[in-house]
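Please open the model in your viewer and keep the selection tool at hand. The tour below moves from one selection to the next.

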Amino acid sequence: MMNIGMSASCVYPLSVEHGFRLSAEVGFDGVEVMVTNDKTTQSAYRLRELSEKYEQPILSIHAPVLLLTHFVWGRDPQIKLEKSAELAAEVGASTVVVHPPFRWQAGYAEQFLDIVRQTSDDYGVHIAVENMFPWRIRNTSVAAYAPGPDPRELDCDAVTLDFSHAALSGHNALELMHAYGDRLKHVHLCDGSGPDEDQRVFDEHLLPGQGGQPVAEVLQHLTAIGWKGNVVAEVNTRKAKSEAERIDLLRQTLDFARLHTTAQLAVA
């Protein structure tokens, strides 16, 4: 069965508990927790308490791979990944989302696939590598990831598909989904329109249907083939002027997902 969950990052910069509460109020099937500097996101005990309090299963853990979380669990990316997998196993999450290595993490990048496979085996969770996008600095493309931002270049066993990142890469998410095949284990539900006219990169994480990606078609196809992964909303609600407006944005996202993951609308 396909779960439709919500990333607690949807309510950033509010607390992870706020994310659990709104996920339950809106009607999502569970929560993805992004590990941050907030100690609650690093504690299996506290996360289990929140999961029980709001009756929201923890579907996935997002490893602390953002620049803003550089010092969470130290600076060794392998240790960060292992701790994320340990946390996932302890809270009952099936998946850890991780980004491809940065180019300056040379040793980690060289061993990345071995580390991912060993960690997945050790903790019994999917380590799903997320599709990222080229960075641009002063209108110049920068190769930030090694070997690159596209999991199609990596011989990894599990992949996360993010629609906003696909848009920034100039890729069609439906084509990516077919290319990933059975390796697709996790989806970040959002949308994107790609770089602006000046080629500036904004990771928009729009509500699904508000960008240019074939989000509905991907969800319909996954429903048609009986895909068993988790679809987790990762949308930007920071411009919401009130709690009611934020809830409305999240409800629109969930309604979109429910609409396009019903069997009668599924297309092969």
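**Strand pairing**

Begin with Asp162, whose bridge partner in strand E9 is His188. The model is a predicted one, in which local features need pLDDT of at least 70, side-chain atom pairs count only at pLDDT 80 or more, and totals for chains, interfaces and linings use all residues. Residues are numbered from 1 along each chain as its sequence is written, and side-chain values use heavy atoms, with hydrogens and water left out.

Next, select strand E8 (residues 159-162) together with E9; the two pair in the parallel sense over 4 bridges. Pairing requires at least two DSSP bridges between two strands; strands (E, at least two residues) and helices (H or I, at least four) are DSSP runs numbered from the N terminus.

Add strand E10 (residues 230-233), which runs parallel to E9 and is joined to it by 4 bridges. Within E10, Val231 stands opposite Val187.

Now select E9 (residues 184-189) alone: 5 of its 6 residues are buried (under 20% relative accessible area, 1.4 Å probe, protein chains only), so E9 is largely enclosed by the rest of the structure.

**Helix packing**

Move to helix H7 (residues 215-224) and helix H8 (residues 243-260), whose axes (lines fitted to C-alpha atoms over the stretch in contact) come within 8 Å and cross at roughly 45 degrees. H7 and H8 are therefore oblique to each other (neither under 35, over 145, nor 65 to 115 degrees).

Finally, display Val215, Ala216, Leu219, Gln220 and Thr223 in H7, which meet Phe256, Ala257 and His260 in H8 (heavy atoms within 4.5 Å). The residues of this contact comprise 5 nonpolar, 3 polar and no charged.

Conventions
Axes are lines fitted to C-alpha atoms, for helices over the stretch in contact, and angles run from 0 to 180 degrees between N-to-C directions. Ala, Val, Leu, Ile, Met, Phe, Trp, Tyr, Cys and Pro count as nonpolar, Asp, Glu, Lys and Arg as charged, and the others, Gly among them, as polar. Buried means under 20% relative accessible area, exposed over 50%, partly exposed in between (1.4 Å probe, protein chains only).
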